[in-house]
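Let's take a walk through a protein chain together, starting with the whole and ending with a few individual residues. Keep the viewer open as you read.

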Amino acid sequence: MRQISARFLPVAAIAAVLGGGFVTPAPALAQAGQPVADDVVVTAEMEDRLAEWLTGFRREALAQGITASTFSRAFRGISLDVKVLELNQKQPEFVRPIWGYLGSALSDKRKADGREQLRANDALFDRLEETYGVEREVLAAIWGLETHFGTYMGSRNVIRSLTTLAFDGRRADFGRTQLLAALKIIQSGDITPEAMNGSWAGAMGHTQFIPTTYLEHAVDFDGDGRRNVWESHADGLGSAGNYLRASGWDTGDPAVREVILPQNFDYSLADEGTRKTGEEWQALGIRAVGGDTLPGRERTLDASLIVPAGYRGPAFLAYPNFRTILRYNNATSYAMAVSYLARYFADEPGIQATWPEDERPLTLDEAREMQTRLTAIGFDTGGVDGIIGPMSRRAIRGFQAQLNTPQDGFATEKLLEKIRAASR
């Protein structure tokens, strides 16, 4: 078992780090020596290292303008959160297919609850649209996907979570940067250290801002003198609207359009890095669902063609507003979910084509194997990490070209079998 300390720092040790004064330890997670989360157990060694780490971090924080009193308040009774350590170490064995993600994201309950929130907050959404130029349906979709309209915003103390991330593991740089930003938020008076709760990775409030994004884009939309994204859904939605506007949202433009591709289409063009105007895509035979030409403005917008489940699944033109949603969360499945939940709220059609649900997603080990074997036979994936990113998809397309099959860059179990055969 991996030995990780979850006991609290001795009171005297914390007091020395924080600059003196009485320190009240937080409630213990578990008894020393007992498992607290899966294979994570406690040792004393991490406590000593944390005390030393806090000493150095205090110097850095004070050099960046954090006062000694703010630091002491924030770190009073601090401990490592072993659940955060566990989650930070884990990588999912399976990648969830997009149709599974969308099935959950676009559930009947989320749709019904969203419609109710739009009705209940009609005047608020009027003001949000007027102020930021982001359609109410889009803001409601983000609110629904991030926290199910404020019903679950995360209950872990953000200072504790970010201290844990900054101290140990693969997200140390992220944790340190976000922890400094969180201290600045506390120092501004928007929230107390005790009330600053969020996800295990430090996302906060109704629309789940990380601290650096909060500092730059959070707003006091309800006018009470505080940017309180934790308790005020108006502040949370206003902050999301402000972020989207700053990220390039264009009022009235679509995010995505489902399209039909002609027979024998060159799927190597289905890549987020390939952009053409709607008219140029139409010249290649692409049509909107139903066989219609693209609506007026969509003919001039630049768009990427995406096939999230390969050539056997639906195809979409992704417009600049889609890329703006990706700045909020850089996952195609998330941007698709926001787009189509918003379309539902606007009484627009959902996805018409069917997903290839007979395809089994690769496990993490299988994705690594695919990358290893592709690289060995001359198709560089840019590394072996189990993440099928742009370089891996490019390598897959190269292999698919040799097979004379559609070059969609989609990693499947059947494709892995062919790669295995080619690399023996």
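What follows moves from the overall fold to the cores, then to a pair of helices, and finally to some residues in loops.

A word before we start: this is a predicted model. Its secondary structure comes to 18 helices and nine strands. The chain has 424 residues, and 50% of them count as buried. The exposed surface of the chain is about 19100 Å², with carbon and sulfur atoms supplying 48% of that area. How much of the contact pattern comes from residues 24 or more positions apart? Taking the contacts with a separation of 6 or more, such residues account for 69%.

Now to the interior. The largest nonpolar core has 82 residues, and the members that touch the most others are Phe75, Ile159, Leu183, Met196, Phe322 and Met336. Which helix gives the most to this core? That is α15, spanning residues 332–345, with nine residues. To get a feel for the packing, try centring your view on isoleucine 159. Leaving out residues up to four places away in sequence, isoleucine 159 touches Ala74, Phe75, Ile78, Leu179, Ala182, Leu183, Ile186 and Met196. There is also a second, separate core of 16 residues, which includes Trp281, Ala315, Leu317 and Tyr319.

Next, a pair of helices. Helix α2 covers residues 45–63 and helix α9 covers residues 158–167; their axes lie 11 Å apart and the two pack at an angle of about 100°. Angles of 65 to 115 degrees count as roughly perpendicular, so α2 is roughly perpendicular to α9. On the α2 side, Met46, Arg49, Leu50 and Trp53 take part, and they meet Thr163, Ala166 and Phe167 of α9. Sorted by class, this contact of α2 with α9 has five nonpolar residues, one polar and one charged.

The loops deserve a visit too, and isoleucine 191 is a good place to begin. Isoleucine 191 is found in the loop between α10 (172–188) and β4. Is this residue, at 8% relative accessibility, buried or exposed? Buried means under 20% relative accessible area, so isoleucine 191, at 8%, counts as buried. Its contacts, not counting residues up to four places away in sequence, are Ile185, Ile186, Met196, Arg226 and Trp230. One of these, arginine 226, is 35 residues away from isoleucine 191 in sequence, while their C-alpha atoms are 8.3 Å apart. Met196 links this loop to what we saw earlier, as Met196 is also among the residues that isoleucine 159 touches.

If you like backbone torsions, here are two residues to inspect. Glutamine 208 has a positive phi of about 55° although it is not a glycine. Glutamine 208 sits in the loop between β4 (197–198) and α11 (211–217), and is buried, with a relative accessible area of 15%. Asparagine 404, again a residue other than glycine, has a positive phi near 60°. Its setting is the loop between α17 (390–403) and α18 (413–422). With a relative accessible area of 71%, asparagine 404 is exposed.

Stay in that loop for a moment, since proline 406 also lies between α17 and α18. Proline 406 counts as partly exposed, at 28% relative accessibility. Setting aside its neighbours within four places in sequence, proline 406 is in contact with Tyr267, Tyr311 and Gln400. Its C-alpha atom is 7.2 Å from that of aspartate 266, although the two residues are 140 apart along the chain.

The last stop is the loop between α15 and α16 (364–376), where alanine 346 lies. What does a relative accessibility of 32% make alanine 346? It counts as partly exposed. Alanine 346 and arginine 136 are 210 residues apart along the chain, with 9.1 Å between their C-alpha atoms. Glutamine 352 lies in the loop between α15 and α16 as well. Beyond residues up to four places away in sequence, glutamine 352 touches Glu258 and Val289. Valine 259 is 93 residues from glutamine 352 along the chain, and their C-alpha atoms are separated by 9.5 Å.

Terms used. Residues numbered from 1 in each chain as written. Predicted model: local features only at pLDDT ≥ 70, side-chain atom pairs only at ≥ 80, totals over all residues. Heavy atoms only, no water. Core = buried A, V, L, I, M, F, W, Y, C linked by side-chain atoms within 4.5 Å. Buried < 20%, exposed > 50% of the residue type's maximum accessible area, 1.4 Å probe, protein only. Helix = DSSP H or I, 4+ residues; strand = E, 2+ residues; numbered from the N terminus. Contact = heavy atoms within 4.5 Å. Axes fitted to C-alpha atoms, helices over the stretch in contact; angles between N-to-C directions. Parallel < 35°, antiparallel > 145°, perpendicular 65-115°, else oblique. Nonpolar A, V, L, I, M, F, W, Y, C, P; charged D, E, K, R; others polar. Areas by Shrake-Rupley, 256 points an atom, 1.4 Å probe, with all protein chains shown as cover.
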